Amino acid sequence: MTSTYARFDTVYLFSRFAGAKYSPLWPSSSSRSSLLSSGIHLRAKPNSRLRSVTASSGSIVSGSESIEIRSLPTKPIEGQKTGTSGLRKKVKVFMQDNYLANWIQALFNSLPLEDYKDATLVLGGDGRYFNKQASQIIIKIAAGNGVGKILVGQEGILSTPAVSAVIRKRKANGGFIMSASHNPGGPEYDWGIKFNYSSGQPAPESITDKIYGNTLSISEIKVAEIPDIDLSHVGVTKYGNFSVEVIDPVWDYLELMEGVFDFDLIRGLLSRSDFGFMFDAMHAVTGAYAKPIFVDNLGAKPDSISNGVPLEDFGHGHPDPNLTYAKDLVDVMYRDDGPDFGAASDGDGDRNMVLGNKFFVTPSDSVAIIAANAQEAIPYFRAGPKGLARSMPTSGALDRVAEKLKLPFFEVPTGWKFFGNLMDAGKLSICGEESFGTGSDHIREKDGIWAVLAWLSILAHRNKDKKPGEKLVSVADVVKEYWATYGRNFFSRYDYEECESEGANKMIEYLRDIVSKSKGGENYGNYVLQFADDFSYTDPVDGSVASKQGVRFVFTDGSRIIFRLSGTGSAGATVRIYIEQFEPDVSKHDVDAQIALKPLIDLALSVSKLKEFTGREKPTVIT
């Protein structure tokens, strides 16, 4: 709980974060507000965590009418166009003079004044290298542009889902997320920044295009002359009419999760002696959330959290929760005596991987299974989902759930911002991407821990009446039951990371040329083409159009081959090939996906001439 008391230009702060235990026994939101307003915590005992922050010199004092603003001259810097998830580059690029500052100022130059003047903005990130320095730069430029208040996570920590949750709960006008997501961290690796709007969703292309335009003409940066903010303690620091509140990074998000899921039901599963659980935080941001949520609140064993300490370089790892980079978890889950359920999340906490004992759940199947079970297993969806949606490259498994449940269904380009419009319009509840992103309209970002809790809810619901000694319904049982009902969409993705951009772009242009000349009925090996195109999407809410979103070859039996260049890397180009084939025959559902899909995979490599254009013999990652 945080309380503030200002007198003689001093702000007194009380921090409950260090050493505090999260528990449902903590006071409710209304009770906490009542305690704060009554002044209960304004006096501290000698051993309490009480500190004071005194404003420094000149006009920069608490209660002052103004703070000193400097206008720093600058020049445009090339290469600041955002991708699908913000601006990502190597750390050394962001550390160049004014590189980050230019982009932040360009953002303020792109927003309507009412979106930030005297407004509240949120700031947080995944804990990677350079976040702490970047936090201070962003805070000072925000103050220089007239922002009224910054809510920043303690030590600069806030998962991407938590930023969205805080924006929505505290009715902020938007927020900055410092993250390069699942990309490696450290002095030699990646850093990133993006802006989310007042609904908690990533800024639309209309804004990111303006930001890029302003980076090409920027001439000055407005900076407030204030000292660095101490981010190590929860509390409020004021300078004139500007304030920075350092907030507990977990509390608002935990409170939201308690409202979405039945924690008592999940606790009953995790406390069973015959149920094994493991969560791999990959030394990334969910390490700050895993113990408070899974251990302190849901009763999991402390040793069920692996790599649970967030590190600036993610422990020299690659925080991407897939079968290649989450190898530690995969090895444990594929032991004979491995846990019943395992999961991992990525750098900023918005992605997830789900595993059963010796069983991998594809992200495409995962979102479909959550949607199929949501109404009976998750209280938030008790009235039923409003609609379902997936990104275009994601398999068609979710389509079949929507059809059976008679729900509206949407196919959108890759990028969570496309889901946000549908959610804000009340058209969408559950959605997902094949790139290990799953979520719902509780926030406006994909949410790794939410997906883990959704799966635990399904398993807890299926096993709630199981007595000790009875065989539990497993992850594999849930998935195979789903396949028996809906059929199996065999799916795989081949990633070729850090290809030379020139060759990768030439390959996509070559494929677009093939598409422009293609006709339905043409034979591609044993497959007959239904249609081929470069996916385009018209938003049903605002009418905006997104074109060139991926080259598709769709065949008459429902099989698909898709080619895309990913916008989430910081160097070179990542070529992604998506292969899908539907199989209704239950007797064939246990075939290994790579075997079932081999004819399509071979066709994809042949049609694209990938080796010729990129020089790559093998993919970096196979999912």
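The exercises below concern burial, salt bridges and cysteines in a predicted model.

**Exercise 1.** Determine how many residues of helix α13 are buried and what backbone feature comes just after the helix.

Solution.
1. Helix α13 covers residues 417-424.
2. Seven of its eight residues are buried, so the helix is mostly covered, given that buried means under 20% relative accessible area.
3. The buried residues are Lys417, Phe418, Phe419, Gly420, Asn421, Leu422 and Met423.
4. Aspartate 424, at 41% relative accessibility, counts as partly exposed.
5. Just after α13, glycine 426 has a positive phi of about 75°.

**Exercise 2.** Locate the partners of the salt bridge between arginine 444 and aspartate 424, and classify each as buried, partly exposed or exposed.

Solution.
1. The two side chains meet at 2.8 Å, N to O.
2. Aspartate 424 belongs to helix α13, while arginine 444 sits in the loop between β21 (437-440) and α14 (448-463), so the bridge ties together parts that are 20 residues apart in sequence.
3. Arginine 444 has 5% relative accessibility and therefore counts as buried.
4. Aspartate 424 counts as partly exposed at 41%.

**Exercise 3.** Carry out the analysis for aspartate 336 and lysine 358.

Solution.
1. The closest N and O atoms of this salt bridge are 2.3 Å apart.
2. Aspartate 336 is in the loop between α10 (327-333) and β15 (341-345), and lysine 358 is in the loop between β16 (352-356) and β17 (359-361); the pair therefore ties together parts 22 residues apart in sequence.
3. With a relative accessibility of 68%, aspartate 336 is exposed.
4. Lysine 358 is partly exposed, at 40%.

**Exercise 4.** Describe the bridge between aspartate 495 and arginine 576, then give the salt-bridge count and a network formed by shared partners.

Solution.
1. The closest N and O atoms of aspartate 495 and arginine 576 are 3.3 Å apart.
2. Aspartate 495 lies in strand β22 (residues 488-499) and arginine 576 in strand β29 (residues 573-583), so that distant parts of the chain, 81 residues apart, are linked.
3. Both aspartate 495 and arginine 576 are buried.
4. One network, joined by salt bridges that share partners, contains Arg390, Asp399, Glu411, Asp533, Arg552, Arg560 and Glu580.
5. The count of salt bridges comes to 43.

**Exercise 5.** State how many disulfides the structure has, and whether cysteines 431 and 499 are buried or exposed.

Solution.
1. A search of the whole structure, with a cut-off of 2.5 Å between cysteine sulfur atoms, finds zero disulfides.
2. Cysteine 431 has a relative accessible area of 0% and is buried.
3. Cysteine 499, at 3% relative accessibility, also counts as buried.

Key
Residues are numbered from 1 along each chain as its sequence is written. This is a predicted model: local features need pLDDT of at least 70, side-chain atom pairs count only at pLDDT 80 or more; totals for chains, interfaces and linings use all residues. Side-chain values use heavy atoms; hydrogens and water are left out. Buried means under 20% relative accessible area, exposed over 50%, partly exposed in between (1.4 Å probe, protein chains only). Helices (H or I, at least four residues) and strands (E, at least two) are DSSP runs, numbered from the N terminus. A salt bridge is a side-chain nitrogen of Lys or Arg within 4 Å of a carboxyl oxygen of Asp or Glu.
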